[in-house]
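Trainee: I would like to go through this model step by step, with a reason behind each answer. Where do we begin?

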Amino acid sequence: MATPKILLVVGGGPAGMMTGLLFARAGVPVTVLEKHGDFPRDFRGDTVHPSTLTLFHELGLLDRLLEVPHQKLHQLGGRIAGRAYKLIDFRGLNVPAPYIALMPQWDLLDFIAKEARRYPGFTLRVRFESHA
């Protein structure tokens, strides 16, 4: 009997969790190993940029992602030497979500984990430390 092959992803940050989700969607058995017990811990980023929101749209997950509490940042500005400047305006982008979504990264990671668990080949192992 052949030993089943499983893809291991080390680290449950944004890249690791997305890798796990994408491979699980493709039918590849995948296990994400995360050393912490949960995602709410040390400071992590709080922004989901338009390009990332577009990726979620392409995966058919944007509407569900936007159910997670967040704020929308449509433009950025600043004051330099007492003068106000509009620095960036995302509303001109031709994307499904032309803004930055302000959401704690742990909420994003929890969302990705929840979506990945919909696939039978996905496993997230927390509190995992290698003793090699």
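**Aromatic pair, helices, strands and charges**

Mentor: We begin with the ring pairs: the count comes to one aromatic pair. Keep in mind that this is a predicted model.

Trainee: Is the pair of F56 and F111 stacked or edge-to-face?

Mentor: The ring centres of F56 and F111 are 6.0 Å apart, with the planes at 65°. Planes over 60 degrees apart count as edge-to-face. The pair is therefore edge-to-face.

Trainee: How many residues apart in sequence are the parts that this pair ties together?

Mentor: F56 belongs to helix α2, whereas F111 belongs to helix α4. F56 and F111 are buried. Because the two rings sit in these two helices, the pair ties together parts whose separation in sequence is 55 residues.

Trainee: Which residues of α4 are buried along with F111?

Mentor: α4 has twelve residues and reaches 16 Å from its first C-alpha to its last, close to the 16 Å expected. Cover for its buried residues comes from elements including α1, β3, α2, α3 (62-65) and β8. Besides F111, the buried residues of α4 are Q105, L108, L109, I112, A113, E115 and A116.

Trainee: E115 carries a charge group in that list. What is its relative accessibility, and which side chain does it meet in a salt bridge?

Mentor: Buried means under 20% relative accessible area. E115 counts as buried because its relative accessibility is 2%. Its side chain meets, at 2.9 Å from N to O, that of R118.

Trainee: Which residues make up the salt-bridge network that contains E115?

Mentor: A search of the whole structure finds four salt bridges, and the one between R118 and E115 is 2.9 Å, N to O. The linked residues of the network are R64, E115 and R118.

Trainee: Which side chains meet D89 in salt bridges?

Mentor: D89 is partly exposed, at a relative accessible area of 28%. One salt bridge to D89 is 3.8 Å, N to O, and comes from K86. Another is 2.8 Å, N to O. Its partner on that side is R91.

Trainee: Are K86 and R91 exposed or partly exposed?

Mentor: The cut-off for exposed is over 50%. K86, at 59% relative accessibility, therefore counts as exposed. R91 has a relative accessible area of 46%, so R91 is partly exposed.

Trainee: What is the bridge partner of Q75 in β6?

Mentor: Strand β5 (residues 75-80) pairs with strand β6 (residues 83-89) in the antiparallel sense over six bridges. Opposite Q75, the partner in β6 is D89.

Trainee: Which residue in the hairpin of β5 and β6 takes a positive phi?

Mentor: The hairpin has two residues between its strands. The positive phi, near 55°, belongs to A81.

Trainee: How many of the six residues of β5 are buried?

Mentor: The strand covers residues 75-80 and lies largely in the open. That follows because its number of buried residues is zero.

Trainee: What is the order of strands in the open sheet of three strands?

Mentor: The pairing in that sheet is antiparallel, and the edge strands, each pairing on one side only, are β3 (47-48) and β4 (71-73). Strands β4 and β7 (residues 100-102) share three bridges, and Q71 stands opposite L102 in β7. The order is β3-β7-β4.

Trainee: Back to the helices. What is the distance between the end C-alpha atoms of α1?

Mentor: Helix α1 (residues 14-25) has twelve residues, and at 1.5 Å a residue these should span 16 Å. The model agrees with that, because the end C-alpha atoms are apart by 16 Å.

Trainee: Which residues of α1 are buried?

Mentor: Their cover includes β1 (7-10), β2 (30-33), α2 (50-58), α4 (105-116) and β8 (122-125). After the helix comes G27, with a positive phi near 90°. The buried residues of α1 are G16, M17, M18, G20, L21 and A24.

Trainee: To finish, what pattern does the protein follow along the sequence?

Mentor: The protein has four helices and eight strands. Buried residues make up 33% of its 132 residues. Along the sequence the pattern is β-α-β-β-α-α-β-β-β-β-α-β.

Note on methods
Residues are numbered from 1 along each chain as its sequence is written. This is a predicted model: local features need pLDDT of at least 70, side-chain atom pairs count only at pLDDT 80 or more; totals for chains, interfaces and linings use all residues. Side-chain values use heavy atoms; hydrogens and water are left out. Buried means under 20% relative accessible area, exposed over 50%, partly exposed in between (1.4 Å probe, protein chains only). Two strands pair if DSSP finds at least two bridges between them. The expected span of a helix is 1.5 Å times one less than its number of residues. Contact means heavy atoms within 4.5 Å. Rings of Phe, Tyr and Trp (its six-membered ring) pair if their centres lie within 6.5 Å; planes under 30 degrees apart count as stacked, over 60 as edge-to-face and the rest as tilted.
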